Structure formats: structure tokens, C-alpha cells
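Biologist: Could you take me on a close look at one part of this model, the long helix and the pocket beside it? I would enjoy one connected account rather than a list.

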Amino acid sequence: MSFTSKVKTELADRISNAKHCRVAEIAALISMCGSVSIDENDKYTVSIHTDTEVTAKKFRELLWRTFHIDTDVKGKDKQLSHSKKTYIVEINNNKDALLVLNETRIMNNQNEMMNINKNEIIKRDCCKRAYLRGAFLAAGSISNPKKSYHFEINCTNENKANQIVDILKSFDVDAKTLDRKNKFIVYLKDSEKVVDALNIMEAPIALLEVETVKIDKQMSNKINRQMNCDQANINKTVNASRRMVEDINYIEKEVGLSYLPEKLQQIARIRVENPDASLQDIGDMMVPPLGKSGVNHRLRKISDIAEELRAEGRSK
């Protein structure tokens, strides 16, 4: 099951106790994936067409709980793809259709079709949440958070897209729009905004999954950074040790280790005999033991002496 399907299944299970919220969600579903037809006898029919069975069943449940309208969910094979179906819910009783159209403000009391502007039914924040929930069920998708963070709702015109943007903005979530193949896409890409959208739609299970994946990614990135840092430190230590052994070998070849002060001779021998040892380990091998800063100071002196000898050799 895709992550989009999981989110839609969760949203489909949420039925508001408030009638005004259910009306807002019904309005969103009709607006985003529905149609209204009038025959020659002025008989109205309202229907939705969706690729998602849970969306169709949610619409049917909303109609029953809100208006006591009983409908069926019909599945129809797509002509271009036998592996997918279109699910249809149709209100073909004229009285019921007019009731729904009037309540959702798609039609006024004079049975005149109105522009799709549902500001009247989404004045409350709870109704805005319900409307966004319906819009996502009808035309939304969300990527698997393990791969990327992307939330979008496809709208058939710019007005619908702007309405979705305004709803999200009312909850301090800034969405962007994109014109794609004569459709207007409202989308979010930032992980925080995707989480906020799930919170607005009241999908806590999906929200928790996204947050969990996000934390796992952060922990993984932190571990990788630490491992890279540790590896860099190891490489740095190995390279420093190699250069130091080269300096000591050069001194021994050119003038012998007896050329060095006695304190430096001891640490030079320990360094050559233990090329992989850390500064702390070398300090512990000294008699008497020496701290890391002391070890580093003496090794630097040896390097300075080796460099002086090289300079003298080049000047001859």
C-alpha cells in the first residue's frame, strides 16, 4: 500500500460529529472530483468519480450521516487500464441532489448554480480542516517520507487552487502552486509543512510515521557525520604519525638519534616502534609518563630538527 493510500484510509475513517464539518467535506469532494448534471426535465444529478474506493465509501457515509441519503458505490473498469477502477457515487434523486447542492452552497435557494466559492461553509477552523481533508481524499497525494517529502492536491482550475492555498495559509502553512497540463497543483515540499498539513487534516497516525522517519533520518545523518569525522581524524592521525616516523628516520640516517636531546631520543624510539599509537598511548609508555600536550610538544621539536637538517642539506 502506498503512503497516499495509507493516509487516505486514515482520513476516510474520520467522520466529524458536527454537521457543518461534514457539509464542508462533502462540498470539497464534489468540488474536487464531482459533477452536477441537469437533464431536459430539470432533474439534477450529483456524482463523484474517484480512483480510491475509500474516498467513495467516505462520501457515501457522509451523505447518510448528514442528510440520510442512501447511495451505492459502483466500480467501473477504466478503458485504458483494466488493473484500475473508477468508483462512482451518484445522487440521482432530484430532491436529494438539490438538498446537497443547496447545503454545500453549490446552488442557491432559487436552484441557480453558483460559482464554486464555499467561503460561507468554511468560516470555522474545524470546517477548513474538514474541507482540506475532503480535497485531499478527492485529489491529493503524498510521497513516502522515506524517499522524499512532497504533498500535493490537483485542482481543475486556479480558483480552487487558490482556495486550498488560502486554507493552508490560515493555519500558517505557505503552499506553492504549479500549472501542469491544464491543472493547478497545490504543493508542499518542506518536511515541516507536510507534517503541518497532516495535522490540519487530522491524520495523527500518518503524522507520527512522518515524524518517526524524519527523526530516523536525522539520527542516521548524525551518525554518518560522526563516522566521517572519526574517519577524518583517524586519517589525520595516521598521516601525522607517518610524517613523524619519516622525520625520525631521516634524523637517524643523517646524524643518528644521539644527535637529539635525551628526552627526545626516548619519545623518538617509542614513536618508531609504535607507529599506530595515539599521543595518549605514547605518553603512557614514557618514563615518567607524559601528557598528550607534552608528547605533542616533543614530537614537534623533532619535526623542527628534521626540517633544519633538510634545509642544511639543501643549502650544501
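Modeller: Happy to. One term first: a residue counts as buried when its relative accessible area is under 20%, as exposed when over 50%, and as partly exposed in between. Please keep in mind that this is a predicted model.

With that cut-off, the buried residues of α8 are A206, L207, V210, V213, K214, S241, M244, V245, D247, I248 and I251. The list includes K214 and D247 alongside residues such as L207 and I248. The helix α8 itself has 51 residues, and from its first C-alpha to its last it reaches 74 Å, close to the 75 Å expected at 1.5 Å a residue. Just after α8 comes G256, with a positive phi of about 85 degrees.

Now to the pocket. The largest pocket has a volume of about 430 Å³. It is lined by 17 residues, and the closest to its centre are T237, A240, S241, L279 and N296. Two elements give two or more residues to this lining: α8 (204–254) and α11 (292–315). The greatest share comes from α8, with 8 residues. By type, the lining of the largest pocket divides into 5 nonpolar, 6 polar and 6 charged residues. S241 appears in both parts of this story: S241 is one of the buried residues of α8, and S241 is also among the residues closest to the pocket centre.

There is also a charge-over-ring contact to look at here. R310 lies over the face of Y250, at 4.7 Å from the ring centre. Residue 250 falls within the range of α8 and residue 310 within that of α11.

For comparison, you may like a second ring contact elsewhere in the model. The charged end of K8 sits over the ring of F136, 5.8 Å from its centre. F136 also belongs to the 1 aromatic pair that the structure holds. Its partner is F151: the ring centres are 5.3 Å apart and the planes are at 15 degrees, so the pair is stacked. Because F136 lies in helix α5 (residues 125–139) and F151 in strand β6 (residues 151–155), the pair ties together parts that are 15 residues apart in sequence. F136 counts as buried, at 0% relative accessibility, and F151 is buried as well, with a relative accessible area of 1%.

Notes
Residues numbered from 1 in each chain as written. Predicted model: local features only at pLDDT ≥ 70, side-chain atom pairs only at ≥ 80, totals over all residues. Heavy atoms only, no water. 1 Å grid on protein atoms, 1.4 Å probe; cavity = no way out; pocket = protein on both sides within 12 Å on 5 of 7 lines; lining within 4 Å. Points joined across faces, edges and corners; volume = space filled by probe spheres on them. Helix = DSSP H or I, 4+ residues; strand = E, 2+ residues; numbered from the N terminus. Nonpolar A, V, L, I, M, F, W, Y, C, P; charged D, E, K, R; others polar. Phe/Tyr/Trp six-rings, centres within 6.5 Å; stacked < 30°, edge-to-face > 60°. Buried < 20%, exposed > 50% of the residue type's maximum accessible area, 1.4 Å probe, protein only. Lys NZ or Arg CZ within 6 Å of the ring centre and 35° of its normal. Expected span 1.5 Å × (residues − 1).
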